[in-house]
Amino acid sequence: MSALTFADRTEAGQALARALEHYRHAPGALVLALPRGGVPVAYEVVRTLALPMDVLVVRKIGHPQHPEYALGAVASGGVRTMNDSLQRVPAHELDAVVERELQELSRRERRYRGERPLPSLAGRTVIVVDDGLATGASMRAAAQAIRAQGPARLVLAVPVGAPDACEALRALADEVVCPLQPEPFDAVGRWYLDFEQVEDEQVQALMERALQQTEGAQT
């Protein structure tokens with residue numbers, strides 16, 4: 001890693017693991033990755049810290065005319081968060097985007113989880129991991145979905161994030177961990193040399209590997 005870039009999500013995950021070292025072997029702690037980009041990052045965290053890993057599916061709601069601009073997000077459990085920039089978006093256009101993202105959320109849950117339910121989060125330390133933080137919409141939706149289940153401690157963790165977005169999330173979490181907060185921020189991909197899209201097959205492979213490591217540690 002240079003001063004301000006990660007080679008890829010693997011290196012970013014290793015850097016994030018160092019920032020989360022105080023959770024190594026933490027009793028009852030669980031890492032929840034936000035697919036798809038958060039999964040390779042989270043895998044390095046759980047591999048280093050010897051923690052179990054699962055996924056929480058969150059989908060960004062993009063502007064109908066500018067999909068890269070996040071208007072909000074939806075998450076597993078029916079959680080929906082929206083920002084304050086909706087007055088110029090026709091309701092029927094927004095509804096169409098939300099419906100499309102809900103369908104994709106459902107597809108990904110079936111693909112990544114199958115029939116396996118999300119573990120109970122009540123009374124646990126939950127560490128939510130993504131590959132970066134720009135607007136914070138996905139993390140806000142994830143935080144709300146998790147808070148509804150009564151965790152003992154909620155940690156939001158990313159390798160790189162916009163300083164204002166990281167600061168805003170502190171009101172929703174017990175701890176926000178973000179080792180790299182450059183300014184101006186621009187976009188998450190700017191801070192990776194390799195920011196190729198993560199495919200479903202890679203998510204499944206890393207999830208299976210993480211599950212095997214957890215089972216191996218328990219035997």
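Here are some questions and answers about this predicted model.

Reader: Which element gives the most residues to the lining of the largest pocket?
Author: That pocket holds about 860 Å³ of space, and 31 residues line it. The elements giving two or more residues to the lining are strand E3 (58–62), helix H3 (91–113) and helix H4 (137–147). With four residues, the top contributor is E3.

Reader: How do the residues of that pocket lining divide into nonpolar, polar and charged?
Author: Lys60, Asp130, Asp131, Ser138 and Phe195 lie nearest the pocket's centre. Lys and Asp count as charged, Phe as nonpolar and Ser as polar, so even this central group mixes the classes. For the lining of the largest pocket, the split is 13 nonpolar, eight polar and ten charged.

Reader: Why is one side of E3 and of E5 left without a neighbour in the sheet?
Author: The sheet is open, with its three strands in the order E3-E4-E5 and antiparallel pairing. Neighbouring strands in it are turned by 20° against each other on average, ignoring direction. E3 and strand E5 (79–82) stand at the edges, so each has a single partner strand.

Reader: How many bridges join E3 to E4?
Author: Strands of a sheet pair through backbone hydrogen bonds. Here E3 and strand E4 (residues 70–75) run antiparallel, and Ile61 stands opposite Gly72 in E4. The number of bridges joining E3 to E4 is five.

Reader: At about what angle does H4 run to E4?
Author: H3 lies across E3, E4 and E5, and runs at about 160° to E3. H4 also lies across E3, E4 and E5. Its angle to E4 is about 30°.

Reader: How many residues apart are Phe6 and Tyr192, which form an aromatic pair?
Author: A search of the whole structure turns up three aromatic pairs. The one between Phe6 and Tyr192 is tilted, at 5.7 Å centre to centre with 45° between the planes. Phe6 sits in the segment before helix H1 (9–19), while Tyr192 is in the loop between strand E8 (175–177) and helix H6 (200–218). Along the chain, the pair links distant parts that are 186 residues apart.

Reader: What class are the residues lining the largest cavity: nonpolar, polar or charged?
Author: The search finds one cavity of 30 Å³ or more, and about 30 Å³ of space lies in it. Strand E7 (153–157) and E8 each supply at least two lining residues. Among the residues lining the cavity are Leu133, Met139, Leu169 and Cys178. With no polar and no charged residues, the nine in the lining are nonpolar.

Notes: Residues numbered from 1 in each chain as written. Predicted model: local features only at pLDDT ≥ 70, side-chain atom pairs only at ≥ 80, totals over all residues. Heavy atoms only, no water. 1 Å grid on protein atoms, 1.4 Å probe; cavity = no way out; pocket = protein on both sides within 12 Å on 5 of 7 lines; lining within 4 Å. Points joined across faces, edges and corners; volume = space filled by probe spheres on them. Pairing = 2+ DSSP bridges. Axes fitted to C-alpha atoms, helices over the stretch in contact; angles between N-to-C directions. Contact = heavy atoms within 4.5 Å. Phe/Tyr/Trp six-rings, centres within 6.5 Å; stacked < 30°, edge-to-face > 60°.
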